[in-house]
Amino acid sequence: MKKLILSVVSLLTIGIVAATTVPAAYADTSGSAEAHVYATVNPNIAVGVLTPIVNAGTVQMGDFNAVIGFRVDANKEDVNLSVCASELYKGDDPTNPSVAPIPLNLSAGVPINPTDASPMAGVSNVAIYSGGPCSIGAYPGLATNQIHFESSQNGHFSQDVYITVTWNQGDPEKPMGEYSGKVKFIAMLVP
């Protein structure tokens, strides 16, 4: 009798376990689900120089300049452009105190000429040296103001930009030789 009761209890236990572990329905032969995927393109800007070494020519006395080309690629159509320029140092040595550098012509400013953009709000394209001191590596310089330009392109700013920096050789006894310095062009996305 005891053996019979144990068998009944075992069968009931198997039945309860079978009833509580119901398998997934297999009536469907296929299924699907979908998700909505999105991504955001962040603001982006890249700046390069067209000619990294620029020969400003020869000079005896007076003003002379260098036209320097840069490339700007941005995924917005308006950018702020400015310049940091140094004086020109004999022997490319900004720490040499024995020969005075050739100074920037501050009154000339720095004309900024993009190929397919214009300054906004009717302002001039000539940046003025009002940004205070700046540096380009070991070269101390002066910074210009920022000018807000808008591209004529469709929703982006991808074009060459030419700037003209002017120096003034006003010393008739300036030691002959090569004088050099650096110019940095800065392009920033407008927030």
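# A walk through the strands

Select β3 (residues 78-86) and β9 to begin: the two strands pair in the antiparallel sense over three bridges. Strands here are DSSP E runs of at least two residues, with helices being H or I runs of at least four, all numbered from the N terminus; two strands pair if DSSP finds at least two bridges between them. You are looking at a predicted model, in which local features need pLDDT of at least 70 and side-chain atom pairs count only at pLDDT 80 or more, while totals for chains, interfaces and linings use all residues. Residues are numbered from 1 along each chain as its sequence is written, and side-chain values use heavy atoms, leaving out hydrogens and water.

**Stop 1: strand β9 and its neighbours**

Keep β9 selected, residues 139-143, and show its side chains. Which of them are buried? Y139, G141 and A143 point to one face and are buried, while P140 and L142 point to the other face and are not. Buried means under 20% relative accessible area, exposed means over 50%, and partly exposed lies in between (1.4 Å probe, protein chains only). In a regular strand the side chains alternate between the two faces of the sheet.

Now pick A143, which is the bridge partner of C84 and also of G132. Next, add β8 (residues 132-136), which runs antiparallel to β9 and is joined to β9 by five bridges. Follow the hairpin of β8 and β9 round its turn: two residues sit between the strands, and G137 takes a positive phi near 65 degrees.

**Stop 2: the disulfide**

Stay with C84 and select C134 too. A disulfide joins them, with an S to S distance of 1.9 Å; the cut-off for a disulfide is a pair of cysteine sulfur atoms within 2.5 Å. The structure holds one disulfide. C84 belongs to strand β3 and C134 to strand β8, so this link spans distant parts of the chain, 50 residues apart. If you set a dihedral about the S-S bond, expect 95 degrees, a right-handed link. Both C84 and C134 are buried.

**Stop 3: the open sheet**

Turn to another set of strands. Colour β1, β2, β11, β5 and β7 in that order, and you have an open sheet of five strands with antiparallel pairing. Where are its edges? The edge strands are β1 (45-49) and β7 (126-127), each of which pairs on one side only. Further in, β5 (residues 110-114) and β11 pair in the antiparallel sense over three bridges. To find a point along that pairing, pick N113, whose bridge partner in β11 is Y162.

**Stop 4: aromatic pairs**

A search of the whole structure finds three aromatic pairs. Rings of Phe, Tyr and Trp (its six-membered ring) pair if their centres lie within 6.5 Å; planes under 30 degrees apart count as stacked, over 60 as edge-to-face and the rest as tilted. Select F64 and W167: the ring centres are 6.0 Å apart and the planes are at 25 degrees, so this pair is stacked. F64 is in strand β2 (residues 62-74) and W167 in strand β11 (residues 157-169), so the pair ties together parts that are 103 residues apart in sequence. Both F64 and W167 are buried.

Move along to F70 and F185, another stacked pair, with 4.8 Å centre to centre and 25 degrees between the planes. Because F70 lies in strand β2 and F185 in strand β13 (residues 183-189), the pair ties together parts that are 115 residues apart in sequence. F70 is buried at 6% relative accessible area, and F185 counts as buried at 7%.

**Stop 5: Q169**

Back in β11, select Q169. Is this residue buried or exposed? Q169 is buried, with a relative accessible area of 5%. A polar atom of its side chain lies 2.9 Å from the backbone nitrogen of D171. Expand the selection around Q169 to contacts (heavy atoms within 4.5 Å), leaving aside residues up to four places away in sequence, and you will pick up V59, Q60, M61, G62, F64, I102 and K174.

**Stop 6: the salt-bridge network**

Finish with R71, D73 and D160, which are linked in a network of salt bridges. A salt bridge is a side-chain nitrogen of Lys or Arg within 4 Å of a carboxyl oxygen of Asp or Glu. R71 and D73 meet at 3.3 Å, N to O, and D160 bridges to R71 with the closest N and O atoms 3.3 Å apart. D160 lies in strand β11 and R71 in strand β2, so that pair ties together parts that are 89 residues apart in sequence. R71 counts as partly exposed at 29% relative accessibility, as does D73 at 30%.

Note on methods: A polar contact is a pair of N or O atoms within 3.5 Å; within protein, one must be able to donate a hydrogen and the other to accept it, and residues adjacent in sequence count only if both atoms are side-chain atoms.
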